[in-house]
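Welcome to a short set of worked exercises. Have the viewer ready, try each task yourself, and then compare your steps with the solution.

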Amino acid sequence: MTVDSAERATVDSATPPGAAPDSHAAYVALEREVALLLRRSRAIQGRLAGQLHQDLDGAAYGLLVLLDDAGPLRASDVVAKLGLDKSTVSRQVASLVDLGLVDRAADPDDGRAQVLSTSPEGHRRLSRLRDARRARWEADLSDWETTDVATLASLLGRLNRLGEAREAEVSAG
């Protein structure tokens, strides 16, 4: 048993069945599980980036996914959505453009600005990879009720919107 699983067992066993969990213990468990999820996510993101393109940096993978899901976007929108600084986004965008995974075009509303979008090749590669990931999720969670998967997705969405709002506050302040 690892330290994490021992701590988790202690927190989980501290709440009798049917009883409301202790508020402090619930937040301790949440922090631990989110931290673990983020550590694993960074490692997976690096592997996925390498599968997408051998020269793609793991950090740029998230930017490419955002553009594929929400694009086209201005670089300033990417900064706001991902909570990154301008220089980081600029570096990642340059890399994605150099690899042929992202296209830049003049913003029709402001010729001084550029709009970023996933290139057809970037979209094709990313779609293939995401389809395989989705199939993996379906296999890994095949014994879960569909409502549990939908609830998890909904709760993670709420958590992400909270994070976006927090980043917007920090950027504005």
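**Exercise 1. Find what share of the protein chain is buried, and describe its surface.**

Step 1. Of the 173 residues in the protein chain, 23% are buried (under 20% relative accessible area; exposed is over 50%, and partly exposed lies in between, with a 1.4 Å probe and protein chains only).
Step 2. The accessible surface of the chain is about 11,800 Å², and carbon and sulfur atoms hold 55% of that. Accessible areas come from the Shrake-Rupley method with a 1.4 Å probe, and for residues only the protein chains shown count as cover.
Step 3. Keep the ground rules in mind: this is a predicted model, where local features need pLDDT of at least 70 and side-chain atom pairs count only at pLDDT 80 or more, while totals for chains, interfaces and linings use all residues. Residues are numbered from 1 along each chain as its sequence is written, and side-chain values use heavy atoms, leaving out hydrogens and water.

**Exercise 2. List the elements of the chain in order.**

Step 1. Count seven helices and three strands; these are DSSP runs numbered from the N terminus, with helices being H or I of at least four residues and strands E of at least two.
Step 2. Reading from the N terminus, the order is α-α-α-β-α-α-β-β-α-α.
Step 3. Among contacts with a separation of 6 or more, 48% are between residues 24 or more positions apart; a contact means heavy atoms within 4.5 Å.

**Exercise 3. Work out how α3 packs against α2 and α5.**

Step 1. Take helix α2 (residues 23-52) and α3: their axes are 8 Å apart, at an angle of about 75°. Axes are lines fitted to C-alpha atoms, for helices over the stretch in contact, and angles run from 0 to 180 degrees between N-to-C directions.
Step 2. That angle makes α2 roughly perpendicular to α3, a label for 65 to 115 degrees (under 35 is roughly parallel, over 145 roughly antiparallel, and the rest oblique).
Step 3. On the α2 side the contact uses Q45, G46, L48, A49 and L52, and on the α3 side G58, A59, Y61, G62 and L64. By class, this gives six nonpolar, four polar and no charged residues. Here Ala, Val, Leu, Ile, Met, Phe, Trp, Tyr, Cys and Pro count as nonpolar, Asp, Glu, Lys and Arg as charged, and the others, Gly among them, as polar.
Step 4. Now turn to helix α5 (residues 86-98), whose axis comes within 9 Å of that of α3 and crosses it at roughly 85°. The two helices are therefore roughly perpendicular.
Step 5. A59, A60, L63 and L64 of α3 meet V89, Q92, V93 and L96 of α5, with seven nonpolar, one polar and no charged residues.

**Exercise 4. Which residue shares a polar contact with D110, and is D110 buried or exposed?**

Step 1. Locate D110 in strand β3 (residues 110-118).
Step 2. D110 counts as buried because its relative accessibility is 18%.
Step 3. Its side chain makes a polar contact of 3.3 Å with that of R74. Such a contact is a pair of N or O atoms within 3.5 Å; within protein, one must be able to donate a hydrogen and the other to accept it, and residues adjacent in sequence count only if both atoms are side-chain atoms.

**Exercise 5. Locate the cis peptide bond between G71 and P72.**

Step 1. Go to the loop between α3 (58-70) and β1 (73-74), where P72 sits.
Step 2. Check omega for the bond joining G71 and P72: the value is about -5°.
Step 3. For context, most peptide bonds are trans.
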